[in-house]
Every structure is written in structure tokens, then in C-alpha cells.
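Got the model open in your viewer? Here's a walk through it, one selection at a time.

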Amino acid sequence: MPDENPAPLLFTPMAMRGVTLRNRVVVSPMSQYSAVNAEPTDWHLVHLGKFAMGGAGLVFCEETSVSERSRKTYDCPGIYTDAQAKAWRRITDFIRAQGAASAIQLGHAGRKVATRAPWDGFAPLSEEDAAQGRAPWSGLAPSPIPFREGAMVPREMDADDIRAVIGAHVEAAKRSLDAGFDVIEIHGAHGYIIQQFLSPATNQRKDGYGGDRQGRMRFGLELIEAVRAALPDAVPLLFRVSCVDGGGWGMDDTVVLAAELKARGVDVLDCSSGGIEGPLTLHIVPRVPGYHVPFADRIRREAGIPTMAVGLITEAHQAEGYLQAGSCDLVALAREMMWDPNWPVHAAAALGVPRPHELLPRPYAWWLQRREDVRALDRGA
């Protein structure tokens, strides 16, 4: 006899290779600009640890640079030294102890380097910054096009640069395993180096890494092949993509890319948009609730790859509805988690999951259950 009250899909485990998530709530990467010497600090431990305590299935740390030169700012974290890996290990151990899996998003900012923080407008570093010990540096890019006025012109990558950047991603992926991460994601969106190759707005090369769509995809696909080959088969590999970027890359392109990524061992496509011009994601998609879900839905159906959707997902029934409709396999929240780190527990309660407080650590769950028991006695009296 079928279960009359099946568990909500949001709180159904999901297996990805050798990792099984306790539920389908994902904490999306949120850059904090709080690293010291590119190492995570106590800030990151508390910032990320509270999401694991709050019941999420998968907790992403922020975009993490694969090399010193590839950082956006002096305050971005990295994973290119053993000291950085050791600092991350303290955090991933804590996340795992709370029952969640941890994920790292590996990024290379390409031409979008040497800036101030977003609350300073991502302004390019200047002589004033240099006088304070924060001198600007030039980035690497498929073509020598600065990302905004006043930014340094990036160096057009030659064959050696391409091999070096791919190699940096491979080494970062290996070091991420030493750091204790369960899941690895390659950042191919938001104007980072892979998207700079994908988009005709930033890729004006005449060699085999430019020109038509297949040529512009070549760098990213070679990078994915190299990273997948370096990882144990049990480690899931994700890819974040700007499904539309405002610079000539659109959904038809993304569906083709998704199929190519799937064939090379990518397990989930993390669906976002924008960012090829300007400091962050371009507002080329209306900011309505779930605004990336239609992208995730189409990619899932046409490319046959699991997808993760992000973008103004704030309500439990909203998230459950996307999963029930088959539009995505995972739902990711960022700023809503900042507002409510215990969102998974509250969502479980809203969806009728029995004893939702058991998603919390025992020192919390026991006391909350005792409160419920006392309330039940009072109601009985």
C-alpha cells in the first residue's frame, strides 16, 4: 500500500556518486571577502558552520581561487597552498560532524582581478591602494579586453598559459580533497575565466580556442576532462554556468555545453546567469522568485543532466514545488540563509516533516523536543 504521506522531495536524500546528501537543500556559495593571506578564518568557520547546524544537506564554501593571480581581491580565499588546505580542513571537519556534506567552488577570475570589495563597487585597485600595500596586478584572459574602464589590460593567454591554468585547477581539486571537501564545483559563470572563453563578447581569438561555439567551449571542456581524470570516481563534480550572459551566450548554447559536460563526467549543472560585463551578475533576467528555475528545467529535460536551481528561492512550498514538477534536482539558497540559517528546519516543519528539530544537533534537538513535550502536557492538562 503506497505511503499516504510521502516525505517531501526537499527532504529526500540524493546520491551523487559516492556522496549521499541528507536532503536537497543546498547553501550556495557566498563570497565574504574575509580571508587573511587567502586562508579562511574563524569568520568562515562560524559563517559556514551555522548552515550545517541548521540542517542543510550540502554547504558550499565561497568561490575559492586556484592561484594567487586568479583572486578577485586581496581578501578572497584560495586553495593553492598546503596552509590554505589545512585551514579549510578545520571547517570541513565541522560541517561533516553536523551531518552535512561540504563543497568547494573552484574559481579563476581571469580578467576580473585586482579589485576592491563589492561594497566599494569592485573598483579596480589604484595607486592609492598600492600605497597601502595593495598593488594591482594584471590578469589572464582569452583576449586582451579589460573588464571595465580603469582596469588593467589582461594578458592574452598563450598555449603555456592555458596549460598552466588547467593545471592550477587540477592541483586545486586535489588539494580540495586533502582539505576534506566532499564535492567539487568548477566555476564557469559570472564572468570568470571559463565564461570569458565561452562568450563571444570576451573571446576574440583566431586559434582553436576561439571562433565558433565549439572552439570557445574547448578550454572549459579540456579543463573539466583534466579535473575529472584527477579525481577519484566517488567524488562528485559540479559545474556552475551562466545560462545566458548578455554577451552573446544563450540557452541554446548552454544546452549543448551541458550535454558535453555530462559526457565528460559532470554530475550536476548549477544554473545561474549573467556577469560577462560589469562586476557581478547582470540583471538580464527579471529578478522574480525562482528566476533560474526555467533554465534548470530545460537543461534537465534536453541535456539529461541533473540540475541545481538558485535565485530568490525563499519559501518551503516554493522549493518543494520545483522538485515535484521535475524542474531541478537540488535547490540552492544564499541570502535567505544569511537571513535564516535554520531555514531547512523551518522548511521541514512547514512541509509537515515529523520531528523537524531532529535536523539540528542533539544539544539543540533534545531541548526543543523537551519544550514540545512540555507544551503537549500543558495542552493535555
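**First stop: a pocket**

Start by selecting Tyr 33, Thr 73, Tyr 74, Asp 75, Thr 115, Arg 116, Ala 117, Trp 119, Asp 120, Leu 125, Asp 129 and Arg 134, which line the second largest pocket. Keep in mind as you go that this is a predicted model. The pocket's volume comes to about 160 Å³. Colour the lining by class and you'll get five nonpolar, two polar and five charged residues.

**Zoom in on Thr 115**

Now pick out one of those lining residues, Thr 115. You'll find Thr 115 in the loop that runs between strand 5 (101-107) and helix 3 (127-131). Is Thr 115 buried or exposed? Its relative accessible area is 4%, so Thr 115 is buried.

What does Thr 115 touch, once you leave aside its neighbours within four places in sequence? Show Lys 72, Thr 73, Phe 122, Ala 123, Pro 124, Leu 125 and Phe 147: Thr 115 is in contact with each of these. If you like a distance label, draw one from the C-alpha of Thr 115 to that of Ser 126; they sit 11 residues apart along the chain and are separated by 8.8 Å.

**Follow Lys 72 to Glu 63**

Keep Lys 72 on screen, since it is among the contacts of Thr 115, and add Glu 63. The side chains of Lys 72 and Glu 63 make a polar contact of 2.8 Å. Glu 63 belongs to strand 4 (residues 58-65). With 3% relative accessibility, Glu 63 counts as buried, because the cut-off for that is under 20%. Leaving out neighbours within four places in sequence, the contacts of Glu 63 include Pro 29, Ser 31, Pro 77 and Tyr 192. Gln 105, Gly 107, His 108 and His 187 are also in contact with Glu 63.

**Across the strands**

Switch to cartoon view and select strands 4 and 5. They pair in the parallel sense, with six bridges. To see one matched position, label Thr 64, which stands opposite Leu 106 in strand 5.

Stay on strand 5 and colour by accessibility. Seven of its seven residues are buried, leaving the strand mostly covered. Ala 101, Ala 103, Gln 105 and Gly 107 point one way, while Ser 102, Ile 104 and Leu 106 point the other way.

Next, add strand 8 (residues 183-188). How many bridges pair strand 5 with strand 8? There are four, again in the parallel sense. Label Ala 103 and Val 183 to see two residues that stand opposite each other across this pairing.

Why is strand 8 largely enclosed by the rest of the structure? Six of its six residues are buried, so the surrounding structure largely closes it in. Check each face in turn: Val 183, Glu 185 and His 187 are buried on one side, and Ile 184, Ile 186 and Gly 188 are buried on the other.

Then bring in strand 9 (residues 237-242), which runs parallel to strand 8 and is joined to it by five bridges. Ile 184 has Leu 237 as its bridge partner there.

**Just past strand 8**

Move on to His 190, in the loop between strand 8 and helix 5 (193-198). At a relative accessible area of 15%, His 190 is buried. For another distance label, try the C-alpha atoms of His 190 and Trp 137: they are separated by 20 Å, with the two positions 53 residues apart along the chain.

**Two backbone oddities**

Most residues other than glycine have a negative phi. Here are two that go the other way. Select Arg 17, where phi is positive, near 50°. Arg 17 sits in the loop between strand 1 (14-16) and strand 2 (19-21), and its 34% relative accessibility makes it partly exposed.

Now jump to Ala 38, which has a positive phi of about 65°. Look for Ala 38 in the loop between strand 3 (25-27) and helix 1 (42-53). Is Ala 38 buried or exposed? With a relative accessible area of 0%, Ala 38 is buried.

**Last stop: Gln 369**

Finish in helix 12 (residues 362-380), where you'll find Gln 369. Gln 369 counts as buried at 16% relative accessibility. Show the side chains of Gln 369 and Arg 355, which are joined by a polar contact of 3.5 Å. Not counting residues up to four places away in sequence, Gln 369 touches Arg 355 and His 357.

Key. Residues are numbered from 1 along each chain as its sequence is written. This is a predicted model: local features need pLDDT of at least 70, side-chain atom pairs count only at pLDDT 80 or more; totals for chains, interfaces and linings use all residues. Side-chain values use heavy atoms; hydrogens and water are left out. Buried means under 20% relative accessible area, exposed over 50%, partly exposed in between (1.4 Å probe, protein chains only). Contact means heavy atoms within 4.5 Å. On a 1 Å grid over the protein atoms alone, a cavity is a set of points where a 1.4 Å probe fits but cannot get out, and a pocket is an open set with protein on both sides within 12 Å along at least five of seven lines; lining residues have an atom within 4 Å of a point. Grid points are joined across faces, edges and corners, and a volume is the space filled by probe spheres set on the points. Ala, Val, Leu, Ile, Met, Phe, Trp, Tyr, Cys and Pro count as nonpolar, Asp, Glu, Lys and Arg as charged, and the others, Gly among them, as polar. Two strands pair if DSSP finds at least two bridges between them. A polar contact is a pair of N or O atoms within 3.5 Å; within protein, one must be able to donate a hydrogen and the other to accept it, and residues adjacent in sequence count only if both atoms are side-chain atoms.
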